[in-house]
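Trainee: Could you show me how to read pockets, cavities and buried residues in a model like this one?

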Amino acid sequence: MMKQPELGQKILELRTQKGLTQEELVEQCNISVRTIQRIEAGETTPRVYTIKTILSALDRDLDDLQQESIFEKKVKEVMFVEIDESKDVSFLFTQLHIGWIAGILSMIAFVFEAIDDWHYVIDETYYFGKTYTVILGIISIVLFSIYMRSFVLIGNLFKNAFLKMISILLIIINAVLACYGLIDLEFQLIPKEAYGVVYCIIIGLMYVFFGWGLFKLKGLGQLPQVSGIMHIVIGGMLLTILFAIVGGPASILVQGVNVAIILKVYEVLKNQITT
């Protein structure tokens, strides 16, 4: 069963979603306001009967909540939103290695995608053909997600919550935009020019935020600050739309700097262990 403080946080979240105050909730549960306050604050673990009563008032079921909790926990572990402290340091090293390798492969995939996109602009046909373009797009999404997952981990390790949050958002937003781009190959829901503008604006903003997160990353020398400034500049280029043609290729190059950051983290952690 979900334990405190997660249980209290979940009840608070569900109550807020229902638009109920604590007073309104207790009227339906026949328990005291103080009890709800203590449960939501994680100060006490209620009996199963009390939990079921509260969840019933919130139109939720205990079994569903437990299954949801397990799923959320797995997602958080996979994405390094939470680090399983039972894992030894070799696990972290392995994940960092996977991250920088995925980063390099992602750069290569982006180059091929850029060639494909440019060929479409010139000739309105895909250089590698539509099928291979879809396969390449899917591979690119996976590689970029694995690579960016390293920065979720780095944000955790170096107590940089902003970097962690932006890295997660970048993974999600990139996947959504890229998937839409793949769907658009077949259905063309909006003009490609409009999609390009939206893409540049959203990714441009995310680059600025990600750059700021990197700039605030301490303990790794000047690399994060250099990369942070580069991301902010590239993000600005993308936001102008006009300079996106420069910002696009530059974003591939700056990813190489980010790969160096991942390797630097590996080096720092290794030195901390051996000293």
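Trainee: How much space lies in the largest pocket?

Mentor: Happy to help! First, this is a predicted model: local features need pLDDT of at least 70, side-chain atom pairs count only at pLDDT 80 or more, and totals for chains, interfaces and linings use all residues. Residues are numbered from 1 along each chain as its sequence is written, and side-chain values use heavy atoms, with hydrogens and water left out.

Mentor: On a 1 Å grid over the protein atoms alone, a pocket is an open set of points with protein on both sides within 12 Å along at least five of seven lines; a cavity is a set where a 1.4 Å probe fits but cannot get out; lining residues have an atom within 4 Å of a point. Points are joined across faces, edges and corners, and a volume is the space filled by probe spheres set on them. Here the largest pocket holds about 1600 Å³.

Trainee: Which residues lie nearest the centre of the largest pocket?

Mentor: Glu113, Ala114, Asp117, Tyr195 and Tyr199 do, out of 40 lining residues. Helices here are DSSP runs (H or I, at least four residues), numbered from the N terminus. α6 gives the most to this lining, with 9 residues.

Trainee: How do the lining residues of the largest pocket divide by class?

Mentor: Ala, Val, Leu, Ile, Met, Phe, Trp, Tyr, Cys and Pro count as nonpolar, Asp, Glu, Lys and Arg as charged, and the others, Gly among them, as polar. The pocket lining has 25 nonpolar, 9 polar and 6 charged residues.

Trainee: How many cavities of 30 Å³ or more does a search of the whole structure find?

Mentor: The search finds 1, and about 50 Å³ of space lies in the largest cavity. Its lining has 7 nonpolar, 4 polar and no charged residues, with α11 giving the most, 4 residues.

Trainee: Which residues of helix α3 are buried?

Mentor: Buried means under 20% relative accessible area (1.4 Å probe, protein chains only). In α3 (residues 33-40), Ile36, Ile39 and Glu40 are buried. Looking down the axis, these residues fall within an arc of 95° (taken from the directions from the helix axis to the C-beta atoms), so they line one face of the helix.

Trainee: Why does Gln22 count as buried?

Mentor: Gln22 counts as buried because its relative accessibility is 17%. The Gln22 side chain also makes a polar contact (N or O atoms within 3.5 Å, one able to donate a hydrogen and the other to accept it) with the side chain of Gln37, at 3.5 Å.

Technical notes: Helix = DSSP H or I, 4+ residues; strand = E, 2+ residues; numbered from the N terminus. Buried < 20%, exposed > 50% of the residue type's maximum accessible area, 1.4 Å probe, protein only.
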